[in-house]
Every structure is written in structure tokens, then in C-alpha cells.
Amino acid sequence: MTAASAPQPSGPFTVGDRVQLTGPKGRLHTITLEPGKVFHSHKGGIAHDDLIGLPDGSVVVNQAGIEYLALRPLLADFVMSMPRGAAIVYPKDAAQILAQADIFPGATVVEAGVGSGALSLWLLRAIGSDGRLMSFERREEFADVARGNVQTYFGHVPENWSVTAGDLAHTLPEVAGEASVDRVVLDMLAPWETLDAVSTALKPGGVLLCYVATATQLSRVAEAIRATGGYTNPASSETMVRGWHVEGLAVRPDHRMVAHTGFLITARRLAPGVVLPDLKRRASKSDFSDEDVEAWTPGALGERVVSDKALRKRVREAGTAAELAQRRGSDDG
């Protein structure tokens with residue numbers, strides 16, 4: 001295979017497949033099928049061999065007589081259960097990123113940082129076999145986890161996907177030519193530091209989207225985008241999802257909801273030499289000083305650090321799952 005393609009969405013379960021087991025109280029367990037292995041919980045065990053060969057959407061009974069529903073996980077399920085080196089982009093935000101950045105089949109997309117590969121999976125599916133995804137990650141360990149997760153999901157490492165280790169501001173000019181990129185998606189602590197390189201690589205009319213966690217980051221990147229003079233005025237939003245309990249006449253909002261996870265800010269690249277009429281603004285309370293900028297620095301914002309021991313474990317987990325997926329692909333071939 002030369003490009004990304006989704007795993008087999010239906011048919012009997014085979015070795016290397018990831019299977020989502022739902023217990024009687026709705027608790028989910030995701031396993032990767034291996035001959036001879038047994039999934040254990042406090043409610044009893046289920047032999048992997050009992051699942052291999054069953055059709056998707058089957059019910060299997062564990063050793064204690066308790067029934068579990070077995071389904072192939074959706075991509076949204078997969079990213080929520082895969083090994084993580086860094087925090088992931090949640091499905092609700094990934095869906096908005098695909099829409100707001102207008103990711104289309106055949107697009108050339110730059111992504112930084114790759115984290116655990118969750119957003120990479122959504123982007124690879126959206127661009128299809130004719131697109132190209134260039135991912136950048138400062139930490140090689142995170143890149144290894146992402147490669148393992150992507151290989152586990154697709155069964156191979158897509159040839160239209162590259163992962164470059166290093167600082168985007170320095171490495172992007174080495175990988176992408178001037179005005180050669182359709183879309184840029186930045187999920188990093190200080191995206192404003194990369195704007196020079198991004199602006200050179202992005203085509204006129206192309207979309208820049210930044211995913212940031214805090215209001216101070218949002219403010220800083222918005223002002224930095226405006227200061228370049230090369231983009232439309234940035235638009236900002238956040239997405240909150242509230243589920244509803246619907247059972248007979250008992251219809252009410254769920255007690256829990258997925259609220260703030262991050263902000264999305266988008267802007268489009270202007271043609272060379274173009275200046276927006278409303279870019280020149282009068283001084284106001286929205287202006288800021290050098291002292292204010294200090295509060296926006298990555299050091300002040302803080303970065304969540306994953307211990308080396310935990311990261312090594314997640315690299316091993318991702319690698320093991322990737323090997324099983326590769327073996328499944330070889331057996332199918």
C-alpha cells in the first residue's frame with residue numbers, strides 16, 4: 001500500500017484486530033487479538049480465540065457467564081484508547097479542525113506537533129491517497145508513539161505521511177517549498193514562534209489553524225497573526241459537547257459533559273503585498289506591552305512533562321500494537 005487506507009471496517013475478527021468489548025454496565029475495554037491470549041477483568045476472562053472468526057457486532061460470553069458486546073472500535077474510540085506519549089486532540093476538536101481548516105482529499109497538510117498521532121489519523125483519512133501529510137514533532141519519543149499508533153490503525157505506515165523530528169521553524173523550510181502547502185495545523189505551546197516559516201510555506205488562500213489550551217495563548221497567537229500583515233483577521237472558537245439521556249419519557253441532559261479542551265483559531269493566507277483595510281487599528285485596551293508578553297512565554301505557561309519511564313512504556317505499547325497490525329496485514333496478503 002502506498003497511502004493511508006482505513007482498516008477493514010467489517011467482516012470477521014482476525015488476528016491483530018482491535019476489538020472493543022462493552023460490559024453489562026457499559027464499561028468499555030479495547031484489546032488487540034492475539035492467538036492464545038485471554039482478556040481478564042474482575043468479572044472473568046474472555047479467550048481471544050473465542051473472538052477470532054466471529055462477525056463484527058457479536059456477543060461473547062466470558063468464563064463467568066457474563067455477556068460482552070464485541071465491535072471494531074470507530075476511529076473516535078481508537079484514539080481514546082491508544083497509547084499516549086502526549087495529550088491527544090479529542091474527537092470533538094478533531095472534527096472541528098477538519099471542518100474549519102477545510103481539510104480535503106488530495107490536500108498537502110503540515111501538522112505540528114504530532115503528539116501521540118491522534119490528529120494525524122484524522123488528517124490522513126481526510127486527505128486520502130492523493131494527499132500528503134507532513135508532521136513535525138520536537139521529541140523523537142512522541143514521534144515513535146505516533147508512528148506506532150498510526151501503523152496499528154492502518155496496518156502499515158502510510159507512504160504519504162512523513163514525520164520530521166525537530167523544531168518546525170527550522171525544519172519546515174527543509175521539507176516544504178515556498179507556497180507549496182494547502183493547510184497548516186499547529187498544536188503546540190507557542191505557535192507564534194513558527195509563523196515566519198509557516199507563512200512562507202502556505203499558499204495564498206491557504207488556511208492556518210492553531211489549537212491552543214489557554215486564553216493567554218489564544219490572545220498571543222491572534223496578535224502575532226495580525227502583526228504579520230499576511231492573513232485575514234483570525235477567528236476563534238471552542239467546542240463543547242453535551243450528551244443527552246433519552247429513555248422513554250426520561251429525556252434530560254447528561255450529568256457530565258465534555259466542555260473546554262482547547263481553542264481553535266483560524267486565518268487565511270493573503271496574496272503577496274495585500275493589506276486588509278481593517279488591519280490598522282486605533283490604540284485601545286486590546287494593545288499590549290513587553291511586560292504583558294512575558295506572561296505569554298512558554299515557561300510562564302508551563303508544559304506538562306511525561307516521565308521518561310512512562311514514555312518508554314507507551315513507546316513499547318505502541319510498537320507492540322503496530323507489530324500485530326503489520327502481522328495482520330501480512331496474513332491478509
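The following points describe the fold, one mixed sheet with its covering helices, and selected residues of a predicted model.

1. Overall content. The protein chain contains 11 helices and 15 strands. It comprises 333 residues, of which 45% count as buried. The surface that the protein chain exposes amounts to about 16,800 Å², and 52% of that area is supplied by carbon and sulfur atoms.

2. Contact range. Among the contacts in the protein chain with a separation of 6 or more, 67% are between residues 24 or more positions apart.

3. The seven-stranded sheet. Seven strands form an open sheet with mixed pairing, in the order E9-E8-E7-E10-E11-E15-E12. Its edges are strand E9 (161-165) and strand E12 (235-238), each of which pairs on one side only. On average, and with direction ignored, neighbouring strands of this sheet are turned by 15° against each other.

4. Pairing of E7 with E10. Within that order E7 stands beside E10. Strand E7, residues 108-112, and strand E10, residues 181-186, are paired in the parallel sense over four bridges. Glu 111 has Val 185 of E10 opposite it.

5. Helix H6. This helix, residues 168-175, lies across four strands: E7, E8 (132-137), E9 and E10. Its direction makes an angle of about 150° with E8. The edge strand E9 is thus among the strands that H6 lies across.

6. Helix H8. Residues 215-228 form helix H8, which lies across strand E11 (202-212), strand E12 and strand E15 (263-268). In contrast to the angle of about 150° between H6 and E8, H8 runs at about 5° to E15.

7. Thr 171. This residue belongs to helix H6. Is Thr 171 buried or exposed? Thr 171 is buried, because its relative accessible area of 10% falls under the 20% limit. Leaving aside neighbours within four places in sequence, the contacts of Thr 171 are Phe 136, Thr 164, Ala 165 and Gly 166.

8. A nonpolar surface patch. Which residues form a nonpolar patch on the surface? They are Val 59, Leu 69 and Leu 71, which together have about 220 Å² of accessible area. Leu 71 lies in strand E6, residues 67-71. With a relative accessible area of 33%, Leu 71 is classed as partly exposed, because this value lies between the 20% and 50% limits.

Terms used
Residues numbered from 1 in each chain as written. Predicted model: local features only at pLDDT ≥ 70, side-chain atom pairs only at ≥ 80, totals over all residues. Heavy atoms only, no water. Helix = DSSP H or I, 4+ residues; strand = E, 2+ residues; numbered from the N terminus. Buried < 20%, exposed > 50% of the residue type's maximum accessible area, 1.4 Å probe, protein only. Contact = heavy atoms within 4.5 Å. Areas by Shrake-Rupley, 256 points an atom, 1.4 Å probe, with all protein chains shown as cover. Pairing = 2+ DSSP bridges. Axes fitted to C-alpha atoms, helices over the stretch in contact; angles between N-to-C directions. Patch = residues over 30% accessible without salt bridge, like charges linked within 9 Å, V, L, I, M, F, W, Y side chains within 5 Å. Salt bridge = Lys/Arg side-chain N within 4 Å of Asp/Glu carboxyl O.
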